[in-house]
Amino acid sequence: MSAEPVLTRRCVIMKVLDFTTDKYLEAQRQNAAAILILLPKNISSIPHDTVQSFMVSESKALLKETLMPVYVAPEDEQLLYMYDEVKQAAATRTSSIFVRGERSKRILHFTGVLPGAGEDIPTIVITAHYDSYGLAPWLAYGADSNGSGVTILLELARLFQKLFSSPSTIPPYNLMFSLTGGGKYNFLGTKRWIEENLDHTSLLHDNVEFVLCLDTLANSDELYVHVSRPPKPETPMHSFMQQLEEVVSSRFPHVKVGLVHKKINLVESTVAWEHERYSLRKIPSFTLSHLEDPKSELRGSMLDTMSQVDFRKMKRNGIIVAEALARYMYNLSGKGSPKDVQVFKGQLVSSCLMSFLTSVPRATQLLDKEPSHILLVNSLEHEFKRYLQQVHRHAFRQDRRDPDITFFDQMNPPVVMYRVKPAAFDLFLGGCIAAYLGIVYYTIQVHLYILLYCPFILIVVISTQSSKQQ
C-alpha cells in the first residue's frame, strides 16, 4: 500500500497479502482514485491462512457499494517492477481505466431428461449453476463453487443413463437434469426458467417429487442439507434424506450429515440458495453442500481455484449422492437390500472434467464473448446430448429498459501508468513560468515606452538646440 497517509485522488496498489477489509474501507473513506490488486499467477503458492483472509475481505468488499474502481491484475514482470517503483517513489500514479460501455447479456440454461417407465410418473430434478463470481469476474474460475456441483451432475447423468438405457432397470421416475446460468446473480436463470415452465405441459407443474440442487461439494467431511422448511415424515424429500444418511453411515461413517433450516425472507430481494427459487413456487426442493453458511466467502472468490478442490472428497460426495438417489428410485430399503450395497462401481467424478471447467473463467458476462468461453458452453450442451434426451438450450435476455442485472462488456482492459513530477515541482515550474512572463511583459513595456516617447524627446531636444542657435 502507498506509504503516504493521504490517499485522496491516488491509486492504491496492493498485493493479496496486503488486502484487508480495513485497508479497503480506509481507501474508500479517503476517496482514493482506485485500488489495484496484484494476484499471483500460482494461487496454490499462497499460504492457506492468507487465502482465507483474502476471501473474507473480498466477500465483504463485494457487499459494499462504492464508486471507487477496484481493479485486479495477474502479476507479471512489468507489474512487479511498477509495484517496486511505487513503493520507492510516492509520485508515481496510474491512469484511470475506461470501460467501453455496457450491453444486455444472454443467460443460458440447459435441460435434459432421462424418461422413466410408465405414464404420468413423478419427476426428480437435479440442478446446479455453472457460472462463477469474484471481485474480478475475468479471474473467477469457481472450482469448488460451483465447478464441483456441475462435475457431479454430469457424472450422475452418465451413471443413470446406463440404468435408463436397459428396459429391465428403468425406474418409475423421470430424471431431469438442469444446468442453470446466472446462479451468482440471485439465480436469475433459475427464476426465469421456472416462470416459463410452470404450466400443464411442463414436468415442473405438479408431479415433481423434489428438486436436488448441488452446490460446492469439493471439500470437507461435512454435508449439509439446506431446506426452507423441514420435510415432513413419509414425504419424498424425507425418504431421500433417510437414504442419504444410510449411505453415509454404512460406507462413510466419518462424514457428518446435518440439516440446516432457513426460512425465506420475502422482504429481501435476494435468495441464499438455488432451492429457494423453487420453494417460492411451492416445489419441494433442497440444496446439498459442504458449506453450512450461505454467506461463505468461498462462494464468490477469485481464489476459488483447483487448489481448493479435494478430488477424493468430491468423488466421495458424488458416490453418496448417486447411491442415495438409486436407493430411493429403486426402493432398495423397502426390498430389504443391505445398507452397504453398491449400485455403482468403478471410476466416479472425472478430474479431467473439473480441469476443463476451470480452464477458463465462467463469469456470466463472459460466456458469450470469447471463443474459449463459447466452446465451454457448447461442450456442456454436448455432454447433455451425449447422455440425455429432450435436451434444450434456453436463452433468457434481460429487458433493456429495466434489467435485473447490468453487465459490462470489457473485463480485462489495459492498465496504463504515467510517471509525473511531484506537486512541488509543478509549483516551482508555475513560478518560473510566471517570472518568465513577467520579464517578457516588463521588456515589452520598456520597448513600447522607448518606441513611443523617444521620438518625442528627440524632437524636443532638436527644437531646443535650434532655438539656442537662433
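These legends go with a set of close-up views of a predicted model.

**View 1. The whole protein, before zooming in.**
The predicted chain has 470 residues, and 48% of them are buried. Its secondary structure adds up to 11 helices and 13 strands. Take the contacts between residues at least 6 apart in sequence: 82% of these link residues at least 24 apart. The accessible surface is about 24300 Å², with carbon and sulfur atoms accounting for 55% of that.

**View 2. The largest nonpolar core, with Phe177 picked out.**
This core holds 66 residues, and the members touching the most other members are Phe160, Leu175, Phe177, Leu214 and Met329. Helix H4 (residues 143-164) supplies the largest share, 11 residues. A separate core of 28 residues lies apart from this one, and Ile35, Ile37, Ile46 and Val51 are among its members. Back in the largest core, what does Phe177 touch once residues up to four places away in sequence are set aside? The list runs through Phe110, Thr111, Gly112, Leu114 and Ile126, then Leu153, Leu156 and Ala157, and ends with Phe384 and Leu388.

**View 3. Helix H4 alongside helix H10.**
The axes of H4 and H10 (residues 371-387) come within 9 Å and cross at roughly 20°. Angles under 35 degrees count as roughly parallel, so that is the label for H4 and H10. Their crossing is left-handed. On the H4 side, look for Val150, Leu153, Leu154, Ala157, Arg158 and Gln161; they meet Leu380, Glu383, Phe384 and Tyr387 of H10. Two of these H4 residues, Leu153 and Ala157, also touch Phe177, as does Phe384 from the H10 side.

**View 4. A cis peptide bond and a buried threonine.**
The peptide bond from Ser145 to Asn146 is cis, with omega near 5°. Most peptide bonds are trans. Asn146 belongs to helix H4. Both Ser145 and Asn146 are in contact with Thr216, which sits in the loop between strand E8 (208-214) and strand E9 (222-227). Is Thr216 buried or exposed? Its relative accessible area is 0%, so Thr216 is buried. Beyond its neighbours within four places in sequence, Thr216 is also in contact with Asp144 and Ser148, with Ser289, His290 and Leu291, and with Leu298 and Arg299.

**View 5. Helix H6 crossing helix H8.**
H6 (residues 236-251) and H8 have axes that come within 8 Å and cross at roughly 125°. That angle makes H6 oblique to H8. The crossing is right-handed. From H6, the contact uses Pro236, Ser239, Phe240, Gln243, Leu244, Glu246, Val247, Val248 and Arg251. Facing them from H8 are Ile319, Ile320, Glu323, Ala324, Leu325, Arg327 and Tyr328.

**View 6. Lys313, a buried lysine in H8.**
Lys313 is part of helix H8, which spans residues 311-329. Its relative accessible area is 13%; the cut-off for buried is under 20%, so Lys313 counts as buried. Which residues is Lys313 in contact with, leaving aside neighbours within four places in sequence? They are Leu217, Asn219, Ser220 and Asp221.

**View 7. Helix H5 and the arginine beside it.**
In H5 (residues 188-197), the buried residues are Leu188, Gly189, Thr190, Trp193, Ile194 and Asn197. They pack against strands E5 (106-114), E7 (174-180) and E12 (389-397), and against helix H7. Arg277 is in H7 (residues 275-279) and, at 12% relative accessibility, is buried too. Not counting residues up to four places away in sequence, Arg277 touches Asn186, Phe187, Thr190, Lys191, Ile194 and Val271. Arg277 and Asn186 are 91 residues apart in sequence, yet their C-alpha atoms are 9.2 Å apart in space.

**View 8. Two residues with positive phi.**
Most residues other than glycine have a negative phi. Asp120 goes the other way, with phi near 50°, and Gln390 likewise has phi near 50°. Asp120 is in the loop between E5 and strand E6 (123-129), while Gln390 lies in strand E12. How do they sit relative to the surface? Asp120 has 74% relative accessibility, so it counts as exposed. Gln390, with a relative accessible area of 49%, is partly exposed.

How values were computed
Residues are numbered from 1 along each chain as its sequence is written. This is a predicted model: local features need pLDDT of at least 70, side-chain atom pairs count only at pLDDT 80 or more; totals for chains, interfaces and linings use all residues. Side-chain values use heavy atoms; hydrogens and water are left out. A nonpolar core is a set of buried Ala, Val, Leu, Ile, Met, Phe, Trp, Tyr and Cys residues joined through side-chain atoms within 4.5 Å. Buried means under 20% relative accessible area, exposed over 50%, partly exposed in between (1.4 Å probe, protein chains only). Helices (H or I, at least four residues) and strands (E, at least two) are DSSP runs, numbered from the N terminus. Contact means heavy atoms within 4.5 Å. Accessible areas come from the Shrake-Rupley method with a 1.4 Å probe; for residues, only the protein chains shown count as cover. Axes are lines fitted to C-alpha atoms, for helices over the stretch in contact, and angles run from 0 to 180 degrees between N-to-C directions. Angles under 35 degrees count as roughly parallel, over 145 as roughly antiparallel, 65 to 115 as roughly perpendicular and the rest as oblique. A crossing is left-handed if the near helix is turned anticlockwise from the far one by less than a right angle, and right-handed if clockwise.
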